[in-house]
Amino acid sequence: MRTILIIVFVALGAGACSDTDGTVGESSSTTTTAVLTTTAAPTTTTTTTTTVLAEATSSTSLTTTTSTTTTTTEPPPELLGVELVQVADMGHPLAIASPPGDPRLFVADRTGVIEIIGIDGVVVESPFIDLTDRVRANGIEQGLLGLVFHPSYADNGRFFVYYTDENDDSTLVEFAVSDDPMVADASSAKELLFLDQPTERHNAGMLEFGPDGYLYVAIGDGGDGGHNGQKPDTLFGTILRLDVDSGDPYAIPEDNPFVAGGGAAEVWAYGLRNPWRFSIDDGLIYIADVGQQDWEEVSVLPLDAGGANLGWAIREGSRCFSSPACEQTETVFPVLEYPHSEGCSITGGSVYRGEAIPELHGLYFYSDWCQGWIKSFRYENGKAVDPEVWSDLKPGQVNTFGTDAAGELYIGTWSGELWKLSPIRAEK
Ligand SMILES: [Ca+2]
């Protein structure tokens, strides 16, 4: 496996010489550049495939998610590199999700519409649900920000959204599918949480279920000037952990860190500014927290490490921010941080676990909203290792990442492209 990965990264370095984003400083970029002249992949393979919606073919569809096990006995042809294949052209794709085992892809547009990309790879004409009458999407931080399906969606049809409402406040709402599996029941709305937001900013909104069956919810600090980060008794600046299968409208998991006091019972971690995107993989949660002044950061925590203080606004990244309490307060440091000379606002992504590129399993991909580069690392023994810059991948201004039920990775941009990370392989 190690040998295969080295080959992959060499091939991927093919475009590094033309890269202009200036994001040097990661040792791997030097390595890939150094071997360019001898092992560059054919330039034609690095060309991004742009598939307009009407012409989307089954080769870009989700039918690959249901491939049979017969392919696993034979290793795939050599991986020459990866590319971004355009799956759709939408408005502002923000939340990307699929119900477990479901070959369809659901994409929430910031304005409040959830579209379905069917198994033929084409956007279904009628949306799954249209919430534009209750969603406000002012500026760049508001809108329909989170979408997740219940782990037992196939049986119970329950899904959850997080959005900014007409009064600039935030709500977590549950809906159910209708009798038609392609249409949700808009009248089924049930509010789980309401947050009276102090400003229009730092709303976060990522939703994901853990392997424990609990719903994890990212809540920003509300843009209150940094005060909420160190107040675990509020829901602002936190990751929440809710039991949506008990209670009304939810119950508190009995092993939540603050059930006996010290913070709000819903809070699982605090000290966050705007954890816009997080993802859960293999017993870990990867939390990308957008910085204020100088530093963007990713923290990785085991899911059995509830109660962590991630530092904001005592620290920004590992650096002191509001100084007096800095040296006296124990906080969890990020495993990765980068300065604003390399970007402005981290867009956290996901760990790749798809079937199409097993060579990349375990890599956490992320981007920066201003620079648009794609980078990855692997989390190992408490550290971010094997940093890579994927210079051939140029998606544009990245709003979000997401995965389908098969673990394939998608990227949504501010200008509306929905990309799928796809392999470039040698001919058989
Ligand atoms: Ca932090």
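This is a short tour of a predicted model, stop by stop. Residues are numbered from 1 along each chain as its sequence is written. Local features need pLDDT of at least 70, side-chain atom pairs count only at pLDDT 80 or more, and totals for chains, interfaces and linings use all residues, while side-chain values use heavy atoms, with hydrogens and water left out.

**The sheet.** Select β6 (144-149) and β9 (184-195), the edges of an open four-stranded sheet. Its order is β6-β7-β8-β9, with antiparallel pairing. Strands are DSSP runs (E, at least two residues), numbered from the N terminus, and two strands pair if DSSP finds at least two bridges between them. β6 and β9 each have a single partner strand, so one side of each lacks a neighbour in the sheet. Next, add β7 (residues 158-164), joined to β6 by five bridges. Leu-147 has Val-161 as its bridge partner in β7.

**The calcium ion.** Select the ion, then Glu-297 and Leu-310. The protein donors are Glu-297 (OE), listed twice, and Leu-310 (O), 2.3 to 3.1 Å from the ion. Donors are N, O and S atoms within 2.8 Å of the metal (3.2 Å for Na, K and Ca); water is not among the atoms, so sites may look incomplete. Glu-297 lies in β16 (residues 295-302) and Leu-310 in the loop between β17 (308-309) and β18 (315-316), so the pair ties together parts 13 residues apart in sequence.

**Val-217.** Finish here. Leaving aside neighbours within four places in sequence, Val-217 is in contact (heavy atoms within 4.5 Å) with residues including Tyr-162, Leu-172, Met-206 and Phe-278.
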